[in-house]
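Trainee: I'm new to this one and would like a close look at a single part: the hollow spaces in the protein. Could you walk me through them?

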Amino acid sequence: MSEKPLQNDRLLRAAKGLPVDRPPMWVMRQAGRYLPEYNATKGTRDFFEICRSPEIASTITLQPIERFQPLIDAAIIFSDILVVPQALGMTVEMVEKRGPVFPEPLRHPSDCEKLRKEVDVTKELGYVFEAIKETRRKLDGRVPLFGFVGAPWTLMAYMIEGGGSKMFTEIKRWIFAWPEESKALLQQITDVVIEFLARQVEAGAQIVQVFDSWAGELAPHDFAVFSLPYLRQISSRLPARLAELGLDRVPMTVFAKGAWYALDDLCDSGYDCVGLDWTHDPAEACRIARGRVTLQGNLDPNTLYGGREAITKGVERMVGGFKEAKGRYIVNLGHGITPGVNPDDLKWFFEEVVRVGTEVYKEF
Ligand code: CP3
């Protein structure tokens, strides 16, 4: 079965700065627990078992696309950022109501001996590439597919903290007590992440996003040392690796949650798109970006609990504010959608973006 050419290229066009009729949109975690069909498919199955099943992962990836068609302009492969620590040899469990748990986190640089020195990405993460291929077949050109990875800083933080954290004591101990060892670990993760992204593109990912979910835990000068250099390596080395594999470059997005202070630097870090959380004022972000990148974001996800009027107000403020990006803009929430949201309220959000966005974009 040969796949149809891409029918909706709105998101890829906006990512490249080409004109569009309205802002393209998708939401982080769009395939997840707020969808009854996700919960039905998941049942009692283990989360990572689903990630390793290309058939189930591709079915889940398509659920929001099908439910909200023709509103969503991109799919994102169902997987997790923590498959990379697993590929490095760590055990990660997804515990119901608690989130990810690493039974043996890295508590001292000597623990790094437990990590695999050479990671064969195809062997360890081949199931992600199979899921991407299967998803492309099922999408049949309806919308483009995002691949993704966790940023080196965020992955290192999980590997050291051993799961979610409020205090970040362990990871901060590492960067302040053992800065050189921290950099060596970040480099090791970066190398795997780049190869993993390249192979996702080879399998069919048409755009990629790097999630630095814990960037906001760092002071600006520490972000400049322990996160940004590795984000830059990804944006510079991935295109080179793709060229080696005989593949075309794809647009790249960086989402460094909480790193509002770094927006100017992120606009110069080699990415096509920069994702924003809700702590940015849209018009101010456009002024800082100065047309260097496509901005993505940024409604507070909890707005979706405020009812239709609040959602409309939020969409008008957001799309109106990003008008200054003159079309270099992708609609999203400022972080992932949460499990308690009513899918009909998300649908209302999408419909309001179409209404407001179409009106605003007439002026361009
Ligand atoms: O729809 C999509 O966005 C694609 C799939 C996706 C998941 N996780 C599925 C998932 C993506 C892109 C991620 C990224 C991810 N995973 C991030 C970065 C984005 C962010 O939220 O900051 C992070 C930090 C993780 C790590 C992770 N995975 C946590 C902290 C948790 C538990 C918290 C939670 O939301 O449940 C997960 C589990 C997870 N990843 C679920 C899903 C659908 C829930 C699993 C379940 O069904 O119980």
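**The hollow spaces, one by one**

Mentor: Let's begin with the largest cavity, whose lining is made of Ala256, Ala259, Leu263, Leu266, Gly275, Leu276, Asp277 and His280. Keep in mind that this is a predicted model. Sorted by class, that lining has 5 nonpolar residues, 2 polar ones and 1 charged one. The space inside the largest cavity comes to about 40 Å³. If you count cavities of 30 Å³ or more, you get 1.

Now for the pockets, which are open. The largest pocket holds about 1,500 Å³ of space. Its lining has 50 residues, and Arg29, Arg33, Asp80, Met94 and Pro100 are the ones closest to the centre. Look along the chain and you'll find that H2, strand S2 (93-95) and S3 each give two or more residues to this lining. H2 has the largest share, with 3 residues. As for the mix, the lining of the largest pocket counts 23 nonpolar, 16 polar and 11 charged residues.

So what takes up the space of the largest pocket? The ligand does. There are 23 residues around the ligand, and those that come nearest are Arg29, Arg33, Tyr38, Ser213 and His335. Helix H2 (36-42) and strand S3 (99-101) turn up here too, each supplying at least two residues of the shell. By class, the shell around the ligand splits into 13 nonpolar, 6 polar and 4 charged residues.

Zoom in on a few atoms next. In the side chain of Arg33, an N or O atom is 2.4 Å from an oxygen atom of the ligand. Ser213 has a polar side-chain atom 2.5 Å from a ligand oxygen atom. With Asp80, the ligand's partner is a nitrogen atom, 2.7 Å from an N or O atom of the side chain. On its own the ligand has 870 Å² of accessible area, and the protein covers 89% of that.

One more stop: the second largest pocket, with a volume of about 150 Å³. Its lining includes Asp9, Leu12, Arg13 and Lys16, along with Val201 and Gln206. The run from Gly246 through Leu247, Asp248, Arg249 and Val250 to Pro251 lines the second largest pocket as well. Here the classes come out as 5 nonpolar, 2 polar and 5 charged residues.

To find your way back to the ligand, start from Arg33: this residue is among those nearest the ligand, and also among those closest to the centre of the largest pocket.

Technical notes: Residues are numbered from 1 along each chain as its sequence is written. This is a predicted model: local features need pLDDT of at least 70, side-chain atom pairs count only at pLDDT 80 or more; totals for chains, interfaces and linings use all residues. Side-chain values use heavy atoms; hydrogens and water are left out. A residue is near a molecule or strand if one of its heavy atoms lies within 4 Å of it. A polar contact is a pair of N or O atoms within 3.5 Å; within protein, one must be able to donate a hydrogen and the other to accept it, and residues adjacent in sequence count only if both atoms are side-chain atoms. Accessible areas come from the Shrake-Rupley method with a 1.4 Å probe; for residues, only the protein chains shown count as cover. On a 1 Å grid over the protein atoms alone, a cavity is a set of points where a 1.4 Å probe fits but cannot get out, and a pocket is an open set with protein on both sides within 12 Å along at least five of seven lines; lining residues have an atom within 4 Å of a point. A molecule sits in a cavity or pocket if more than half of its atoms lie within 2 Å of its grid points. Helices (H or I, at least four residues) and strands (E, at least two) are DSSP runs, numbered from the N terminus. Ala, Val, Leu, Ile, Met, Phe, Trp, Tyr, Cys and Pro count as nonpolar, Asp, Glu, Lys and Arg as charged, and the others, Gly among them, as polar. Grid points are joined across faces, edges and corners, and a volume is the space filled by probe spheres set on the points.
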